[in-house]
Amino acid sequence: MNKHQKPVLTGQRFKTRKRDEKEKFEPTVFRDTLVQGLNEAGDDLEAVAKFLDSTGSRLDYRRYADTLFDILVAGSMLAPGGTRIDDGDKTKMTNHCVFSANEDHETIRNYAQVFNKLIRRYKYLEKAFEDEMKKLLLFLKAFSEAEQTKLAMLSGILLGNGTLPATILTSLFTDSLVKEGIAASFAVKLFKAWMAEKDANSVTSSLRKANLDKRLLKVQEYCYDNIHFMKAFQKIVVLFYKADVLSEEAILKWYKEAHAAKGKSVFLDQMKKFVEWLQNAEEESESEGEES
């Protein structure tokens with residue numbers, strides 16, 4: 001045999017390793033298998049959870065985690081920016097997803113359970129799911145108002161049960177979302193759902209762990225020049241006050257001295273009645289204390 005010639009094995013058959021079998025799936029094959037399974041399970045979320053549990057041994061969830069979560073939330077693979085890649089081709093989409101669900105707390109909570117079970121079963125999906133939710137929050141402008149509401153409810157419930165960390169909320173501080181008022185509207189719905197799951201102390205604790213409590217009031221810095229968000233600023237502050245995210249002292253300090261110069265007069269004017277109410281409530285409690 002020529003020394004440069006390599007020996008050739010004939011008649012040999014090699015077994016494909018399981019890992020290699022998984023990797024032969026392309027995103028489109030992955031999508032088709034997932035959509036078919038979800039359509040067969042229909043509105044039975046127990047059946048959906050069982051399908052996802054068993055299919056993880058056959059489909060490569062690790063490799064196509066973004067496709068998996070795109071379809072479970074939006075019913076379709078999403079392009080950068082949030083548009084549906086398969087919009088118009090119903091065979092490649094499913095209506096059995098969060099965005100097509102009924103817009104009520106109980107239904108969305110049942111969907112949250114599907115994500116909980118999936119991530120408990122496949123722990124390696126935990127980080128991928130966190131990244132997916134951060135991405136979806138950045139894509140909010142591409143979704144309808146109803147879809148934004150359902151995503152806010154889902155996020156709030158998953159924050160409440162500990163499946164997601166509060167750090168996902170940093171996506172809401174993106175300039176475009178803040179300026180167009182989308183962040184404010186989304187935050188109100190998210191916190192309402194979160195508060196329905198957990199008490200105020202739990203919410204406050206999660207926000208503090210993520211260092212978000214220090215950033216919320218200074219949202220003024222992000223949006224001083226946008227009239228839509230200016231209108232919502234007072235609502236957000238009141239919401240966070242009721243949720244014990246912002247203390248009375250912090251709001252009064254902001255009003256008197258700690259506010260930024262940007263848009264100062266508009267924000268202070270908007271907050272005036274609420275601040276007066278806080279001061280009156282404070283005086284009443286002090287006088288009650290003296291009487292007792």
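## Enclosed spaces

In this predicted model, the structure holds 2 cavities of 30 Å³ or more. Rolling a probe the size of a water molecule over the atoms is what shows where empty space of this kind is left. The second largest cavity has a volume of about 40 Å³, and the residues that line this cavity are L38, V48, L72, H96, Y111, V114 and F115.

Helix α5, which covers residues 105-121, gives the largest share of that lining, namely 3 residues. When the lining of the second largest cavity is sorted by class, 6 of its residues are nonpolar and 1 is polar, while no charged residue takes part.

## An open pocket

Besides the cavities, the model has pockets, and the second largest pocket has a volume of about 160 Å³. Its lining is made up of N39, A74, G75, R84, K90, M93, T94, N95, C97, F99, S100 and E147. By class, the lining of the second largest pocket has 4 nonpolar, 5 polar and 3 charged residues.

## Helix α3 and its partners

Two packed helices are described by the angle between their axes and the distance between the axes. For helix α2 (residues 27-41) and helix α3 (residues 45-55), the axes come within 8 Å and cross at roughly 150°. An angle over 145 degrees counts as roughly antiparallel, and α2 and α3 are therefore roughly antiparallel to each other. The crossing in which α2 passes α3 is right-handed. On the α2 side the residues in contact are T33, L34, G37, L38 and A41, and these meet A47, V48, F51 and L52 on the α3 side. This contact of α2 with α3 consists of 7 nonpolar and 2 polar residues, with no charged residues.

Helix α3 also packs with α5, at an angle of about 20° and with the two axes 10 Å apart. Because angles under 35 degrees count as roughly parallel, α3 and α5 are described as roughly parallel to each other. Here again the crossing is described by its hand, and α3 passes α5 in a right-handed crossing. From α3, the residues L45, E46, V48, A49, L52 and D53 meet N110, Y111, V114, K117, L118 and R121 from α5. The contact of α3 with α5 has 7 nonpolar residues, 1 polar residue and 4 charged residues.

Some residues of these contacts can also be found in the lining of the second largest cavity: L38 and V48 belong to the contact of α2 with α3 and are among the residues of that lining, and Y111 and V114, which α5 brings to its contact with α3, are also included in the lining.

## Helices α7 and α9

Helix α7 (residues 145-160) packs with helix α9 (residues 182-197) at an angle of about 40°, and their axes lie 7 Å apart. That angle makes α7 oblique to α9. In passing α9, helix α7 makes a right-handed crossing. The residues of α7 that make the contact are E145, Q148, T149, L151, A152, M153, S155, G156, I157, L159 and G160, and those of α9 are I182, F186, K189, L190, A193, W194 and E197. Divided by class, the contact of α7 with α9 has 10 nonpolar, 5 polar and 3 charged residues.

Definitions and conventions: Residues are numbered from 1 along each chain as its sequence is written. This is a predicted model: local features need pLDDT of at least 70, side-chain atom pairs count only at pLDDT 80 or more; totals for chains, interfaces and linings use all residues. Side-chain values use heavy atoms; hydrogens and water are left out. Axes are lines fitted to C-alpha atoms, for helices over the stretch in contact, and angles run from 0 to 180 degrees between N-to-C directions. Helices (H or I, at least four residues) and strands (E, at least two) are DSSP runs, numbered from the N terminus. Angles under 35 degrees count as roughly parallel, over 145 as roughly antiparallel, 65 to 115 as roughly perpendicular and the rest as oblique. A crossing is left-handed if the near helix is turned anticlockwise from the far one by less than a right angle, and right-handed if clockwise. Contact means heavy atoms within 4.5 Å. Ala, Val, Leu, Ile, Met, Phe, Trp, Tyr, Cys and Pro count as nonpolar, Asp, Glu, Lys and Arg as charged, and the others, Gly among them, as polar. On a 1 Å grid over the protein atoms alone, a cavity is a set of points where a 1.4 Å probe fits but cannot get out, and a pocket is an open set with protein on both sides within 12 Å along at least five of seven lines; lining residues have an atom within 4 Å of a point. Grid points are joined across faces, edges and corners, and a volume is the space filled by probe spheres set on the points.
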